[in-house]
Amino acid sequence: MAKRISVSRKMTKIFRKWEGILFFILLAFVLEGISRVEIVSSLYFPPISKDISTFLNLTVSGILPLETLKTFTRMACGYVLAALIMIPLGIFMGISNKVYNVFEPIVELLRPLPPPAIIPAVMLFLGIGNSMKVFVIFFACSFPIILNTIDGSRSVYPTFLHTARSFGLNRYQIIRRVILPAATPQIMSGLRTSLPISLIVAILSEMIGSIDGIGHYILRMQRTFNIPEMYAGIMMLGLVGYFLNKIFLWIDKTLIAWHKGWRISGI
Amino acid sequence: MKKTIIILTTCGFFLLLLCLPMPRIAVAEKLKVINVGYIPIGDCLQLYVADGMGFFKREGISVEKKPMQGGAVIAPAVEAGGIQVGWSNAISIIIAHSKGFDFQFLTSGAISEEGTNRVHSLLVAKDSPIQKISDLAGKKVAINTLGNINELSMVALAYKNNLDIKKIRLLEVPFPHMETALKKGSVAAILAVEPFVTLSISHGTARYLVKSVHKTYGEKFMIASWFAKRSWVVKNPQKASAFVKAINKASDFISAHPERTTKFLVNNTKLTTDLIKKITMPSFSSKFDKSDLQRMIDMTARHNFIKKLFKAEEIIIQHIQ
Amino acid sequence: MNNVLKNIGKSKISGFVLIMLFLGLWEILSRLGRVDFHYLPPISIIANSLYELIGSLEIIRHILISLRRVVMGYLLGASVGYLVGFLCGYISRIYSFLELTLEYLRPMPSIALIPIGILFLGMGDTLNVFIIGWACSWPVFINTMDGVSSTDHIFLNTARTFGLNQWSIVKKVIIPSSVPYVFTGLRVGLGIAVAVDVITEMVVSSSGLGFFIITTSLSFRIPEMYAGIVTIGLFGYILNKSFLLISRRALRWQRGFLSAEK
């Protein structure tokens, strides 16, 4: 009896997985059709098959992966910088009202500023090189990270804090053993939110004054009317985002799986 | 109860927003309206004059001016039909044609002539050690957009000076940011257009490396002009020819009364009157000289921007061939 | 003296003081010519140009146009995101069907979709609204799906024990318990809507705040450019605060129930 159930469950799982792929393929066919029938000009919307073949060519020849790597490097720098600075800052803001009160107005003031809006101003100071891009990425990623970190640090159960204090732990130990673990899901949530932001901002900053990177590549292809190549670049972008997300989820699962157990409201 | 009031007020607010003045989306086919995409720079003077002097009205058409960032946005818009006529530099249209797009130039546009009408210059920082083109090897040069006349000019310049273009790294920088880029050392040289050439030099930031970049194209050539899809021209012959007539009238006006064009520039480009006095403007003509364009096509092919040479007639509408 | 310092630390004044000091420094450095006057004008000049822009109604027009686009795009994106998210959370079968496609589409930056959008939608407001809608639908979708699918089983079972039909369960259990998640998603979506609106306007539009910054920087009206950036910041700030106000009223009953919503 038990064996039969597990077999049918396995089958359902396989079915589900293939359903998703089926849908994806169906969608691809529809798009191919739209282009071939010329509902929109096939010059600007080539058949998917053409885009895919161009994509494969460019990947094999190494052009796309190279550009992607360059973008990724910048992204990683800005992202890591934001994490390294904002997580500690956020923890301090979360546990100390004084620190919070000092920085909160600044954060609230700068937060609504969309990253593209600051690019012209940042360019005046940092030019158009890598430092400008990394700074803009850093700026954009900072906010989700710091806000979530503050939230996480603040919502530690008071009981834990009291217990820790009554055990005589000093401030540093409290942070390390109580607050940090408790705030981790929120911090991870913030890190997860900033990931696509860092990608988008990296692309955006590459479209202004860059000589490499996948954003620049897409732009260049558009300028020179190499439309299938442009779409190939866009596809690469989608893939990068997809894999980054998957990797992040994996890290999330393996490193902090223990957390979901005893927190009532998970992520 | 309170909740309901809040919901109702917010809905009312949104409805009010929707009633705000709608952007005028003219249905071009029903009325005699043409949407024209342009870049708010001095080069599009013909449009400003034709509009401001009422030439379009006199030809029986109404023109909706749509300022846009550049050719890269204008071309897809023309392709999709959102705008019927657009302004583009010659090279982009040449490349587009080689890729199968059926764009055609409607009129003669901004012409660069030996003597007073050279508008593009290559500048370096005032204290830069760079003295000649070959010094640019391994350095970054800023051009406004890729795949256009400025990129081709750099390629041609490099070629002439026996420098492999691959050694120069071309960077896309909008014109107004070029001066800062130069100052910060992000780029070693900038290929700028007016008024930015005059501005950078007068600020003391830059000096000329090559005063007239486009010399390589010959005595006279067409920088940019008004284009449309061939299929649109075929379907709307009256509108197309009305547009052409009005623009040609404007070209004649500009040639005859250059001093009277200042106010049109001020109104349409946010250039100030003082700046206008200092900058160099291209020349305009109501006669389309095919060789002005053919030279560009030849250059484009020679430097491998396009694979095959073709005749200028392919991208000029019948009317004016 | 110690007391005063303690009190400063207690309220938010210290933060404001810091900001004031920074602004003062900016003004002084700029006027003294330490920072290039052309590229970083003193605050007073920026403030002055902002004042003039408001007076001439120039910037008001752009604000209203951007507001229109943001609101319409946001409503579009939020409703679609909510609906799809709800469906996916409620019927997990649907999600497993769509998962691959959605996960691949989600990281696509809206800016990359602009050339495609121009083809289908032309150059007008419709383009802006759709791109904004696309971008802000994702956080709403994810959070709604999260909220619906993590409805506490205890509640669901209790409701079933009480004999409620499916529709009542949805109305009385699922929707209310997913509200905090949904509101987080709505809030994030709003921020994204504003950012994407600015981006699209910078690239394709001929009006709106994004266009305004580009145009002023292109014609060297640098103080106006900064004034525009400040306006965008204020714009986003006011929208966000209004949203918080509305959500606070709507969620009043929630706050006692769950841990503090920010």
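From the N terminus on, the elements of chain A run α-α-α-α-α-α-α-α-α-α, and the tally for this chain in the predicted model is accordingly ten helices and zero strands. Of the 267 residues in chain A, 52% are buried. Among the contacts in chain A with a separation of 6 or more, 72% join residues that lie 24 or more positions apart.

**The two domains of chain A**

Chain A is divided into domain 1, which covers 14–45, and domain 2, which covers 48–256. The contact between them takes seven residues from domain 1 of chain A and five residues from domain 2 of chain A. Taken over C-alpha atoms, the centres of these two domains are separated by 31 Å. The area buried between domain 1 of chain A and domain 2 of chain A comes to about 550 Å², and carbon and sulfur atoms give 56% of that area. On the side of domain 1 of chain A, the three residues A:Glu32, A:Tyr44 and A:Phe45 supply 68% of the area buried against domain 2 of chain A, which is more than any other three residues supply. Between these two domains there are zero salt bridges, although two residue pairs are in polar contact, both at pLDDT 80 or more. Sorted by class, the side of domain 1 of chain A that touches domain 2 of chain A has five nonpolar residues, no polar residues and two charged residues.

**The two domains of chain B**

Chain B is likewise given as domains: domain 1 is made of two segments, 32–114 and 219–315, while domain 2 covers 120–213. The centres of domain 1 of chain B and domain 2 of chain B, again taken over C-alpha atoms, are 25 Å apart. In the contact between them, 16 residues of domain 1 of chain B meet 13 residues of domain 2 of chain B. Together the two domains of chain B bury about 1300 Å² between them, with 80% of this area on carbon and sulfur atoms. There are zero salt bridges across this interface, and one residue pair is in polar contact between domain 1 of chain B and domain 2 of chain B. The elements that give two or more residues to the side of domain 1 of chain B are helix H5 (90–98), strand E11 (220–229), helix H12 (273–278) and helix H13 (290–302) of chain B. By class, that side of domain 1 of chain B has ten nonpolar, five polar and one charged residues.

**Where chain A meets chains B and C**

The table sets out the areas buried at the interfaces described in this report.

| Interface | Buried area | Part on carbon and sulfur atoms |
|---|---|---|
| Domain 1 and domain 2 of chain A | about 550 Å² | 56% |
| Domain 1 and domain 2 of chain B | about 1300 Å² | 80% |
| Chain B and chain A | about 2100 Å² | 68% |
| Chain C and chain A | about 4800 Å² | 73% |

The contact of chain B with chain A takes 27 residues from chain B and 25 residues from chain A. In chain B, the residues that lose the most area to chain A are B:Phe101, B:Leu146 and B:Glu172, which together make up 26% of what that side buries. One salt bridge crosses this interface, and the partners in a salt bridge here are B:Glu151 and A:Arg220, whose closest N and O atoms are 3.2 Å apart. The count of residue pairs in polar contact between chain B and chain A is two, both at pLDDT 80 or more. At least two residues each of the side of chain B that touches chain A come from helix H4 (71–80), H5, strand E8 (169–172) and helix H7 (175–184) of chain B. The residues on that side of chain B divide into 13 nonpolar, seven polar and seven charged.

The contact of chain C with chain A takes 50 residues from chain C and 51 residues from chain A. Across this interface there are zero salt bridges, and zero residue pairs are counted in polar contact, where both residues must be at pLDDT 80 or more. Two or more residues of the side of chain C that touches chain A come from each of helix H1 (2–10), helix H2 (13–32), helix H5 (92–105), helix H6 (110–121), helix H9 (166–203) and helix H11 (222–250) of chain C. With ten residues, H5(C) gives the most to this side. The residues of chain C that touch chain A divide into 30 nonpolar, ten polar and ten charged.

Key: Residues are numbered from 1 along each chain as its sequence is written. Chains are lettered from A and ligands numbered from 1 in the order in which they are written. This is a predicted model: local features need pLDDT of at least 70, side-chain atom pairs count only at pLDDT 80 or more; totals for chains, interfaces and linings use all residues. Side-chain values use heavy atoms; hydrogens and water are left out. Domain bounds come from an automatic or database domain assignment. Contact means heavy atoms within 4.5 Å. Buried area is the accessible area (1.4 Å probe) that two parts lose on being put together, summed over both. A salt bridge is a side-chain nitrogen of Lys or Arg within 4 Å of a carboxyl oxygen of Asp or Glu. A polar contact is a pair of N or O atoms within 3.5 Å; within protein, one must be able to donate a hydrogen and the other to accept it, and residues adjacent in sequence count only if both atoms are side-chain atoms. Ala, Val, Leu, Ile, Met, Phe, Trp, Tyr, Cys and Pro count as nonpolar, Asp, Glu, Lys and Arg as charged, and the others, Gly among them, as polar. Helices (H or I, at least four residues) and strands (E, at least two) are DSSP runs, numbered from the N terminus. Buried means under 20% relative accessible area, exposed over 50%, partly exposed in between (1.4 Å probe, protein chains only).
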